[in-house]
Amino acid sequence: MFTEGEGMKIEGTISGTLDVKRFYLPGVTIKDNCPKCGVELIKDFSNGEYLSYPTAGKPEKIHFWCEECDEEWSGEVILDINLRMR
Ligand SMILES: [Zn+2]
C-alpha cells in the first residue's frame, strides 16, 4: 500500500545546461518589431522555434531576421524552471 509522503523537501536550484537539443515552449510566442522598417515578427516556440541546449537561469539569445528589409537583430531571454511541491 502506498501512503502520501510527508515532509518531502525539494532542495537546490536547477543549474547547468539541459541536455535537450530542441526545447520547445508550447504556448509561447515572442514578438518584436523590426528596428529598421517596423514590421512585426512572431516566433512561435510551440511550432518550429526552440531553444537549443538551454541553460536554466542563464540568458539565451533570440535572433530575428526581417525578410522585408534584411535586417538582423537579437534579444535575450532567460529560461526559468521551477519544481515545487504540489
Ligand atoms: Zn525590416
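In which strand does glycine 75 lie? Select glycine 75 and you will land in strand S4. Keep that residue in mind, as the tour comes back to it.

**Before you click further**

You are looking at a predicted model, where local features need pLDDT of at least 70, side-chain atom pairs count only at pLDDT 80 or more, and totals for chains, interfaces and linings use all residues. Residue numbers start from 1 along each chain as its sequence is written.

**Stop 1: the whole chain**

Show the protein chain as a cartoon. You should find zero helices and four strands, running β-β-β-β from the N terminus on. The radius of gyration, taken over C-alpha atoms, is 18 Å, well over the 12 Å that the globule rule gives for 86 residues, so the chain is more spread out than a compact globule. That rule is 2.2 Å times the number of residues to the power 0.38. Helices (H or I, at least four residues) and strands (E, at least two) are DSSP runs, numbered from the N terminus.

Now turn the chain along its principal axes: its C-alpha atoms fill a box of roughly 65 × 25 × 20 Å. Of the 86 residues, 0% count as buried. Here a residue is buried if 20 or more other C-beta atoms lie within 10 Å of its own, exposed if 12 or fewer, and partly exposed in between, with C-beta atoms placed from the backbone.

**Stop 2: strands S3 and S4**

Select residues 59-66 for S3 and residues 71-78 for S4. The two strands pair in the antiparallel sense over eight bridges; pairing requires that DSSP finds at least two bridges between the strands. Pick out cysteine 66 and look across to its bridge partner in S4, glutamate 71. Then select histidine 63, which stands opposite serine 74 in S4.

How many of the eight residues of S3 are buried? The number is zero, so S3 lies largely in the open. Strand S4 is hardly covered either, with a count of zero buried residues among its eight.

**Stop 3: the turn at aspartate 70**

Four residues sit between the strands in the hairpin of S3 and S4. Select aspartate 70, found in the loop between S3 and S4. Its phi is positive, about 65°, although it is not a glycine. Most residues other than glycine have a negative phi. Aspartate 70 is exposed, with 10 other C-beta atoms within 10 Å.

**Stop 4: tyrosine 53**

Move to the loop between strand S2 (40-44) and S3, where tyrosine 53 is found. Tyrosine 53 has a positive phi too, near 45°. Is this residue buried or exposed? It counts as exposed because it has 12 C-beta neighbours inside 10 Å.

**Stop 5: back to glycine 75**

Return to glycine 75, which counts as exposed with 12 C-beta neighbours inside 10 Å. Leaving aside neighbours within four places in sequence, glycine 75 is in contact with Asp32 and Ile62; contact means that the C-beta atoms, placed from the backbone, lie within 7 Å. To finish, select isoleucine 10 as well: it is 65 residues from glycine 75 in sequence and 33 Å away in space, C-alpha to C-alpha.

Definitions and conventions. Contact = placed C-beta atoms within 7 Å.
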